[in-house]
Amino acid sequence: MASILKVDALQGVTSAGDITVTSEGGSATQSLQQGMAKAWVNFNGTGTIAARDSFNLSSLDDDGTGSYGVNMSSVFSSANHSAHATCDATGNYSNAEINTVASSGIDSIRCWNDNPATIDPSLVFATMHGDLA
């Protein structure tokens with residue numbers, strides 16, 4: 001019979017915020033906190049931009065055609081974190097680049113098509129990993 005573990009909080013023994021997870025094969029370990037996304041968002045980049053769903057998001061910025069900012073509720077300890085963005089204009093190939101990251105999130109995501117021209121895509125996704133302050 002499979003076990004079910006129900007808890008409201010996990011805490012490390014050595015340090016409260018230090019929990020190590022063993023890999024599927026059992027030979028590698030990973031810090032649980034380091035492997036988790038600290039923020040993500042799925043939003044509509046057309047018209048009045050709006051998040052469809054998100055985690056740790058305080059606000060979105062519409063900085064002009066095809067240019068957006070993603071601001072976090074709980075910020076990173078520095079601007080040295082990993083950030084990824086993807087833009088998808090339905091029926092139209094599109095690209096994304098992150099121009100600037102900050103401890104508060106992504107200052108500038110730029111979306112463009114094949115032409116290349118900046119576009120307001122219907123789907124914009126962003127994910128961030130790193131150490132929270």
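Q: Where is the place of Asn56?
A: Asn56 sits in the loop between strand 4 and strand 5. Keep in mind that this is a predicted model.

Q: Okay, and is Asn56 buried or exposed?
A: Asn56 counts as buried, because its relative accessibility is 14% and the cut-off for buried is under 20%.

Q: What about phi of Asn56?
A: Phi of Asn56 is near 60°. That's a positive value in a residue other than glycine.

Q: Switching topic: how many salt bridges does the structure hold?
A: It holds 1 salt bridge.

Q: Which side chains meet in it?
A: Those of Glu97 and Arg110, at 3.0 Å from N to O. In general, side chains of opposite charge can pair when their charged atoms come close.

Q: Where do Glu97 and Arg110 lie?
A: Glu97 is in strand 8 (residues 94-102), and Arg110 is in strand 9 (residues 105-113). The two are 13 residues apart in sequence, so the pair ties those parts together.

Q: How does Glu97 count for accessibility?
A: Glu97 is partly exposed, at 28% relative accessibility. Its partner Arg110 is also partly exposed, at 27%.

Q: Now the surface. Which residues gather in the patch of negative charge?
A: Four Asp residues do: Asp62, Asp63, Asp107 and Asp120.

Q: Pick Asp63. Where does Asp63 lie?
A: Asp63 is in the loop that runs between strand 5 (57-62) and strand 6 (67-72). Asp63 has a relative accessible area of 44%, so it comes out as partly exposed: that value falls between the 20% and 50% cut-offs.

Q: And which residues form the nonpolar patch?
A: Leu5, Val7 and Leu10 form that one on the surface. Together they have about 330 Å² of accessible area.

Q: Is Leu5 buried or exposed?
A: Leu5 is exposed, because its relative accessible area is 71% and exposed means over 50%. Along the chain, Leu5 belongs to the segment before strand 1 (20-22).

Q: Last thing, what pLDDT does the chain average?
A: The chain averages 88, and 96% of the residues score at least 70.

Q: Where is confidence lowest, and where is it highest?
A: The low end is helix 1 (residues 32-35), with a mean of 74. The high end is strand 4 (residues 50-55), at 98. Strand 4 also borders our opening topic, since the loop with Asn56 is between strand 4 and strand 5.

Note on methods:
Residues numbered from 1 in each chain as written. Predicted model: local features only at pLDDT ≥ 70, side-chain atom pairs only at ≥ 80, totals over all residues. Heavy atoms only, no water. Patch = residues over 30% accessible without salt bridge, like charges linked within 9 Å, V, L, I, M, F, W, Y side chains within 5 Å. Areas by Shrake-Rupley, 256 points an atom, 1.4 Å probe, with all protein chains shown as cover. Helix = DSSP H or I, 4+ residues; strand = E, 2+ residues; numbered from the N terminus. Buried < 20%, exposed > 50% of the residue type's maximum accessible area, 1.4 Å probe, protein only. Lys, Arg positive; Asp, Glu negative; His and termini not counted. Charge placed at Lys NZ, Arg CZ, Asp CG, Glu CD. pLDDT = per-residue confidence, 0-100.
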